[in-house]
Amino acid sequence: MSRLPLTLACWNYDRTQALVDGRVRPDGIDLNVQMLEVEETFFRMLRHREFDAAEMSLSSYCMTLTRPDPPFIALPVFPSRLFRHGCIFVSAASGITRPEDLRGKRIGVPEYQMTAPVWIRGILADEYGVDPADVTYVTGGEEQPGREEKLKLALPGRFRVEPIGPEDTLSAMLADGRIDALHTARIPSTFYTRPDAVRRLFPDFKAVEQDYFRRTGIFPIMHVVVIRRDVYAANRWAARALCKAFEAARALVQDELRVTASLRTMLPWQIAAVEETAALMGGDWWPYGVSANRAVLDTFLRYHHAQGLSARRLAVEELFAPECFEGFKI
C-alpha cells in the first residue's frame with residue numbers, strides 16, 4: 001500500500017528523534033524530516049509555506065489565525081517549552097535591579113511577536129505590574145544586523161515598537177548600555193564575552209521559575225506543530241496520525257531518561273534532575289494534548305491579545321485540528 005509522503009521541518013529534539021531514526025512511524029505516512037534551526041523553519045514556513053508540516057512559533061501561528069484564509073492548522077504537540085525568567089537580561093549601565101525597574105526603559109526584542117517575549121511581558125505584567133505599554137521596545141537582530149518581523153504588525157497605538165539601526169545588534173547594544181534590557185529566546189553572546197556589562201535580571205532563575213510553577217502550574221509553551229491547511233484538507237486523517245506519532249516519540253524519551261544503567265545524556269546528574277522535576281511537576285511533566293494544557297494555552301492567548309498581537313482574544317478550540325481533541329477508548 002502507498003503511504004502519504006510528507007515533509008516535516010523541526011529541530012533535532014530528543015523528543016522527536018524517534019521520528020527521524022524510524023523507531024516511530026506515523027500511520028500511513030512517510031516522513032521526510034528536515035532538522036533545521038527554529039528561526040529558519042519559521043521564516044521559510046511563514047514566508048513561503050515550504051513544508052507540509054513544521055514546528056511553529058505559538059505566537060506567529062496565533063497571528064495567522066485572525067487573518068484572511070489562515071494558512072495553517074495546529075496539532076496539540078508542543079516540541080518546545082521553556083520557563084523564560086532566565087531569558088531576561090539587563091545592562092549593568094541601566095541600574096535595573098528588580099523587575100519593577102523595567103518600567104519606562106528601552107528593551108530589546110529580536111521580534112515583538114516572538115513567543116518568548118510574549119510570555120516574558122505577560123509574566124512581568126501579572127507578577128510584577130510591568131505594563132507592556134509602559135516600555136519602549138526596540139527590535140532587530142540579536143547577533144546579526146538586519147532582522148525584521150516575519151509577520152507585519154498592526155499594534156494599537158499605546159505600544160511603542162521601533163527598529164534598531166541597520167548595522168546594530170541587540171547583543172552589542174545591551175553591553176554598550178544603548179538599551180536597558182533584552183527579552184529573548186537565546187542567551188546573548190555578550191553575556192559570556194562581556195560579563196561585567198550584561199547580567200540576568202534573575203540570577204537564581206531556576207529557583208524563581210520553580211516558585212512560579214508551584215504557584216501557577218504553568219510550564220510555558222513555545223512552539224506547536226502546524227500542517228498546511230491544503231494538506232490537512234486533503235488528508236484529514238493525517239492530523240491524528242501525526243499526533244499519535246509525536247506522542248509515542250515523546251514517551252520513549254521520558255522513559256529513557258530514567259534509565260540508570262547508562263545515561264542517555266551527557267548530564268552527570270541526569271537522574272537527580274529527572275527525580276527533582278517529577279517531584280515538582282509530576283511524572284508527565286511535558287504533556288501533549290489539549291486538556292492537560294488548556295490553562296497554559298488560555299493564559300498565553302490572554303497575553304497575546306492584551307499585547308496587541310491578536311485583534312480578538314482567541315479560544316483554545318480555534319487552535320487545533322478537531323480530530324486531536326479526543327481519542328477512542330476500548
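A residue counts as buried when its relative accessible area is under 20%, as exposed when it is over 50%, and as partly exposed in between, using a 1.4 Å probe and protein chains only. By that rule, six of the seven residues of strand 1 are buried, so strand 1 is largely enclosed by the rest of the structure.

Before going further, a word on the model. It is predicted, so local features need a pLDDT of at least 70 and side-chain atom pairs count only at pLDDT 80 or more, while totals for chains, interfaces and linings use all residues. Residues are numbered from 1 along each chain as its sequence is written, and side-chain values use heavy atoms, with hydrogens and water left out. Helices (H or I, at least four residues) and strands (E, at least two) are DSSP runs, numbered from the N terminus.

**Two sheets**

Let us start with the sheet that holds strand 1. This open sheet has five strands in the order 2-1-3-11-4, with mixed pairing; two strands pair if DSSP finds at least two bridges between them. At its edges are strand 2 (29–35) and strand 4 (72–81), each of which pairs on one side only. From one strand to the next, the twist averages 30°.

Strand 1 (residues 4–10) runs parallel to strand 2, and seven bridges join the two. Strand 1 is also parallel to strand 3, with two bridges between them.

The second open sheet has six strands in the order 8-7-6-9-5-10, again with mixed pairing. Here the edge strands are strand 8 and strand 10 (198–200), each pairing on one side only. Neighbouring strands of this sheet are turned by 30° against each other on average, direction ignored. Strand 5 and strand 10 are antiparallel and share three bridges.

Some bridge partners from both sheets are listed here.

| Residue | Bridge partner | Strand of the partner |
|---|---|---|
| Leu6 | Leu31 | strand 2 |
| Ala9 | Gln34 | strand 2 |
| Leu8 | Ala53 | strand 3 |
| Ser91 | Val198 | strand 10 |

**Helix 4 and its neighbours**

Helix 4 is a good landmark for finding your way around. It lies across strand 3 (53–57) and strand 11 (221–228), running at about 140° to strand 11. Helix 4 also lies across strand 5, strand 6 (106–109), strand 7 (136–139) and strand 9 (181–183), at about 115° to strand 9. For these angles, axes are lines fitted to C-alpha atoms, for helices over the stretch in contact, and values run from 0 to 180 degrees between N-to-C directions.

Helix 4 (residues 115–128) packs with helix 11 (residues 294–306) as well, at an angle of about 90° and with the axes 9 Å apart. The two helices are therefore roughly perpendicular to each other; angles under 35 degrees count as roughly parallel, over 145 as roughly antiparallel, 65 to 115 as roughly perpendicular and the rest as oblique. Helix 4 contributes Thr115, Val118, Trp119, Gly122, Ile123 and Asp126 to the contact, and helix 11 contributes Val296, Thr299, Phe300, Arg302, Tyr303 and His304. Contact here means heavy atoms within 4.5 Å. Sorted by class, this contact has six nonpolar, four polar and two charged residues, where Ala, Val, Leu, Ile, Met, Phe, Trp, Tyr, Cys and Pro count as nonpolar, Asp, Glu, Lys and Arg as charged, and the others, Gly among them, as polar.

**The buried side of helix 2**

In helix 2 (residues 38–48), the buried residues include Val38, Thr41, Phe42, Met45 and Leu46. These five cover an arc of only 110° around the axis, which puts them on the same side of helix 2; the arc is that of the directions from the helix axis to the C-beta atoms. Strand 1, strand 3, helix 3 (58–65), strand 4 and strand 11 are among the elements that cover them. After helix 2 comes Arg49, which has a positive phi near 55°.

**Two residues in loops**

His85 sits in the loop between strand 4 and strand 5 (88–91). With a relative accessible area of 3%, His85 is buried. Apart from its neighbours within four places in sequence, His85 is in contact with Ile123, Phe202, Phe205, Val208, Glu209 and Tyr212. His183 is 98 residues from His85 in sequence, yet their C-alpha atoms are 9.4 Å apart.

Gly165 belongs to the loop between strand 8 (160–163) and helix 5 (170–176). Its relative accessibility is 26%, so Gly165 counts as partly exposed. Gly165 and Gly141 are 24 residues apart along the chain, with 9.9 Å between their C-alpha atoms.
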